[in-house]
Amino acid sequence: MSLEEYFRKRDFSRTPEPRGGEGNKPSEGRIYVIQKHAASHLHYDLRLEKDGVLKSWAIPKEPPTTKGIKRLAVQTEDHPIEYADFEGVIPEGEYGAGTVEIWDRGTFDIEEWTDEKIVVHIHGEKLRGRYCLIRFKKQEGGWLFFKTS
Ligand code: MN
């Protein structure tokens, strides 16, 4: 159900993005990936597997690899598990037009996951350690993303 928005925004006869969503891709439930997305504005799409989908946030600046840097992370629609492997060019005129490449990937463990606060231990190549996502009160869909240790 939570992939409805993902499907609605895309025309799979035009975009090379995976339709996915069949829920039959084997996974241990711990996929972590960040895709660098050169759309109209360059951003980094953080995705964390939860409940059979990839929970997603768009980060307008390079994700922090050290403590002391807080990044805005705007929550976007859930993506299918299959999206974690996607790299390619979304054609002009389609939603998210531009080049997508995997910037970092690995696994993660959950320390805490609520509607307001997410604490995870990320095991990637670039991002390694304990990371927090804290929901912003003021902005709908707005979170802060930072490394704590
Ligand atoms: Mn994106």
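This section describes the manganese site, the largest pocket, the surroundings of R30 and the salt bridges of a predicted model.

In the predicted model, the manganese ion is coordinated by three residues, namely H37 through ND1, H43 through NE2 and D45 through OD, at 2.1 to 2.3 Å. Along the chain, these donors follow the spacing H-x5-H-x1-D. Both histidines are buried, H37 with a relative accessible area of 7% and H43 with one of 15%, and D45 likewise counts as buried, at 6% relative accessibility. Besides its role as a donor to the manganese ion, D45 forms a salt bridge with R47, in which the closest N and O atoms are 3.5 Å apart. R47, the partner of D45 in this salt bridge, is itself buried, its relative accessible area being 3%.

The metal donors also appear in the description of the largest pocket, since H37, H43 and D45, together with Y95 and G96, are the lining residues that lie nearest its centre. This pocket has a volume of about 280 Å³ and is lined by 18 residues, which divide by class into six nonpolar, seven polar and five charged. Strands β2 (42-50) and β4 (70-80) each supply at least two residues of the lining.

R30 lies in the loop between α1 (4-8) and β1 (31-38) and is partly exposed, with a relative accessible area of 30%. Leaving aside residues up to four places away in sequence, R30 touches E49, G106, T107, F108, D109 and H123. The C-alpha atoms of R30 and I110 are 8.8 Å apart in space, although the two residues are 80 residues apart in sequence.

A search of the whole structure finds 12 salt bridges. One of these is formed by the side chains of K9 and E77, which meet at 3.4 Å, N to O. Because K9 lies in the loop between α1 and β1 whereas E77 belongs to strand β4, the pair ties together parts that are 68 residues apart in sequence. The two partners differ in accessibility class, K9 being partly exposed, with a relative accessible area of 30%, and E77 being buried, with a relative accessible area of 4%. A further salt bridge joins E17 to R10, with the closest N and O atoms 3.1 Å apart, and in this case both residues are buried. The residues of these two pairs do not stand in isolation, as K9, E77, R10 and E17 are linked with E5 in a network of salt bridges.

Note on methods:
Residues are numbered from 1 along each chain as its sequence is written. This is a predicted model: local features need pLDDT of at least 70, side-chain atom pairs count only at pLDDT 80 or more; totals for chains, interfaces and linings use all residues. Side-chain values use heavy atoms; hydrogens and water are left out. Donors are N, O and S atoms within 2.8 Å of the metal (3.2 Å for Na, K and Ca); water is not among the atoms, so sites may look incomplete. Buried means under 20% relative accessible area, exposed over 50%, partly exposed in between (1.4 Å probe, protein chains only). On a 1 Å grid over the protein atoms alone, a cavity is a set of points where a 1.4 Å probe fits but cannot get out, and a pocket is an open set with protein on both sides within 12 Å along at least five of seven lines; lining residues have an atom within 4 Å of a point. Grid points are joined across faces, edges and corners, and a volume is the space filled by probe spheres set on the points. Helices (H or I, at least four residues) and strands (E, at least two) are DSSP runs, numbered from the N terminus. Ala, Val, Leu, Ile, Met, Phe, Trp, Tyr, Cys and Pro count as nonpolar, Asp, Glu, Lys and Arg as charged, and the others, Gly among them, as polar. Contact means heavy atoms within 4.5 Å. A salt bridge is a side-chain nitrogen of Lys or Arg within 4 Å of a carboxyl oxygen of Asp or Glu.
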